[in-house]
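Please find below a colleague's note on the model, set out as numbered points. The points pass from the chain as a whole to particular side chains.

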Amino acid sequence: MKNAIYIGVTPDELELPLVVADNLQELSELTGLSKEVLTVAISSDKHHKNSGCKRGIRFRKIKYKNKELENE
């Protein structure tokens with residue numbers, strides 16, 4: 001069951017989406033960065049306001065609850 005998506009956004013206050021992936025492996029393939037580099041980038045982005053400025057892209061992991069829809 002999927003409970004997170006991974007996105008790359010612009011490193012400014014708008015945070016416009018640049019890339020969206022279902023998992024870390026897909027984000028790695030789309031960006032050409034290793035999963036290890038992405039994991040560190042996602043982790044450090046939580047602690048540093050200017051993270052991603054040198055790369056030109058910030059990475060985020062967006063968690064959500066997966067609720068099944070009922071047919072009425």
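1. Contacts along the sequence. In this predicted model, residues 24 or more positions apart supply 42% of the contacts in the protein chain that have a separation of 6 or more. Two pairs that link distant parts of the chain are taken up in points 5 and 6.

2. Order of elements. The protein chain contains 2 helices and 3 strands, and along the sequence these follow the pattern β-β-α-α-β. Strand β1 covers residues 4–9 and strand β2 residues 17–21. Helix α1 spans residues 24–31, helix α2 residues 35–45, and strand β3 residues 58–63.

3. Confidence. The mean pLDDT of the protein chain is 84, with 76% of its residues at 70 or more. Among the elements, β2 has the highest mean pLDDT, at 97, and helix α2 the lowest, at 88.

4. Burial and surface. The protein chain has 72 residues, of which 28% count as buried. Its accessible surface comes to about 5700 Å². Carbon and sulfur atoms account for 51% of that surface.

5. The salt bridge between R58 and E15. The structure holds 2 salt bridges. In one of them, the side chains of R58 and E15 meet at 3.3 Å, N to O. The pair links distant parts of the chain, since R58 belongs to strand β3 and E15 to the loop between β1 and β2, 43 residues apart. How does R58 count in terms of accessibility, buried or exposed? R58 counts as buried, because its relative accessibility is 9% and the cut-off for burial is under 20%.

6. The salt bridge between E15 and R60. E15 also forms a salt bridge with R60, and here the closest N and O atoms are 2.2 Å apart. This pair likewise links distant parts of the chain: E15 lies in the loop between β1 and β2, R60 in strand β3, and they are 45 residues apart. Salt bridges that share partners thus join E15, R58 and R60 into one network. R60 has a relative accessibility of 22% and therefore counts as partly exposed, as partly exposed residues fall between the cut-offs of 20% and 50%.

7. The backbone at E15. Which residue has a positive phi although it is not a glycine? It is E15, with a phi of about 50 degrees. E15 is found in the loop between β1 and β2. The residue counts as partly exposed because its relative accessible area is 28%, a value between the cut-offs of 20% and 50%. A reader checking the backbone may wish to view this phi value together with the salt bridges of E15 to R58 and to R60.

8. The surroundings of S28. S28 lies in helix α1 and is buried, because its relative accessible area of 12% is under the 20% cut-off. A polar atom of the S28 side chain lies 2.5 Å from the backbone oxygen of L33. What is S28 in contact with, once its neighbours within four places in sequence are left aside? The contacts are with L33, S34, K35 and L38. Of these residues, K35 and L38 fall within the span of helix α2, residues 35–45.

How values were computed. Residues numbered from 1 in each chain as written. Predicted model: local features only at pLDDT ≥ 70, side-chain atom pairs only at ≥ 80, totals over all residues. Heavy atoms only, no water. Helix = DSSP H or I, 4+ residues; strand = E, 2+ residues; numbered from the N terminus. Buried < 20%, exposed > 50% of the residue type's maximum accessible area, 1.4 Å probe, protein only. pLDDT = per-residue confidence, 0-100. Contact = heavy atoms within 4.5 Å. Areas by Shrake-Rupley, 256 points an atom, 1.4 Å probe, with all protein chains shown as cover. Salt bridge = Lys/Arg side-chain N within 4 Å of Asp/Glu carboxyl O. Polar contact = N/O pair within 3.5 Å; in protein donor to acceptor, adjacent residues only side chain to side chain.
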